[in-house]
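Dear colleague,

I am passing a structure on to you below, followed by an account of what turned up when its charged pairs and its internal space were examined. Please read the text with the coordinates open beside it.

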Amino acid sequence: MPGPLYQYLEEDHERLDSLFQRSVATPGVIDPEPYHEFRKGLLRHISMEEKIVLPAIARWQDGKKAALAERLRLDHGALVSLLAPPPTPSIMLTIRSILEIHNRLEEEDGGLYRLLDDLAGPEMEAMLARLKAAPPVAVLPNNDKPEVLDAAKKAVTRAGHEFKVVS
């Protein structure tokens, strides 16, 4: 049975998935309101993992990073870079394909969230409070310069994923 940290983070995945689905509900169109909420939420979620979850796991393991840490950080970099340019169907398809793999790595047995629950011990409630209190991340306007999209494509490739092109 997943513990409270797992449940909190998994519920946030579900909330983000719902916002994502609402933003792409009409084929070929990205609804700006749910997309904006998805973008803000995903940036906050990544921030929680990078600033709270991964450092706590390393601390609880006497400085040893989680086995998945580097892989997850590459995915986080790719996802953040894909949120910089204005959303397009290709960007949204790429985000979805990364999240399908990424979220499984965090949620599966032996994944990041189970490890977090297993290691938290007496710090469980304090860790949950830290996650819930994580502040929103400052969200800059989308940048439509071609080099921003080029950088996002490179980050996707560096993370071992493929930039999906919608024709």
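**The enclosed space and the salt bridges**

By residue class, the lining of the largest cavity is made up of four nonpolar, four polar and one charged residues. Please bear in mind that this is a predicted model, and that the values in this message are computed from it.

To begin with that cavity, the search of the whole structure finds one cavity of 30 Å³ or more, and the space in the largest cavity comes to about 50 Å³. Its lining consists of His13, Leu16, Asp17, Phe38, Leu42, His45, Leu99, His102 and Asn103. Where in the fold do these lining residues come from? At least two of them are supplied by each of the helices α1, α2 (32-60) and α4 (89-107).

Turning to the charged pairs, side chains of opposite charge can pair when their charged atoms come close. The structure holds seven salt bridges, and three of them are described here, beginning in α1, one of the helices that contribute to the cavity lining.

In that helix, which spans residues 4-23, Arg15 and Asp12 lie three residues apart, or about one turn of the helix, and they form a salt bridge whose closest N and O atoms are 2.9 Å apart. The two partners fall into separate accessibility classes: Asp12, with a relative accessible area of 7%, is buried because its value lies under 20%, whereas Arg15, at 38%, counts as partly exposed.

A comparable arrangement is found in helix α3 (residues 69-82), where Asp75 and Arg71 are four residues apart and are therefore separated by about one helical turn. Their salt bridge has its closest N and O atoms 3.5 Å apart. Is Asp75 buried or exposed? With a relative accessible area of 0%, Asp75 is buried, while its partner Arg71 counts as partly exposed at 31% relative accessibility.

The third pair joins Lys65 to Glu70, with the closest N and O atoms 2.9 Å apart. Here Lys65 is partly exposed, with a relative accessible area of 45%, and Glu70 is likewise partly exposed, with a relative accessible area of 43%.

In short, the acidic partner is buried in the case of Asp12 and of Asp75, whereas Glu70 is partly exposed.

With kind regards

Notes
Residues are numbered from 1 along each chain as its sequence is written. This is a predicted model: local features need pLDDT of at least 70, side-chain atom pairs count only at pLDDT 80 or more; totals for chains, interfaces and linings use all residues. Side-chain values use heavy atoms; hydrogens and water are left out. A salt bridge is a side-chain nitrogen of Lys or Arg within 4 Å of a carboxyl oxygen of Asp or Glu. Helices (H or I, at least four residues) and strands (E, at least two) are DSSP runs, numbered from the N terminus. Buried means under 20% relative accessible area, exposed over 50%, partly exposed in between (1.4 Å probe, protein chains only). On a 1 Å grid over the protein atoms alone, a cavity is a set of points where a 1.4 Å probe fits but cannot get out, and a pocket is an open set with protein on both sides within 12 Å along at least five of seven lines; lining residues have an atom within 4 Å of a point. Grid points are joined across faces, edges and corners, and a volume is the space filled by probe spheres set on the points. Ala, Val, Leu, Ile, Met, Phe, Trp, Tyr, Cys and Pro count as nonpolar, Asp, Glu, Lys and Arg as charged, and the others, Gly among them, as polar.
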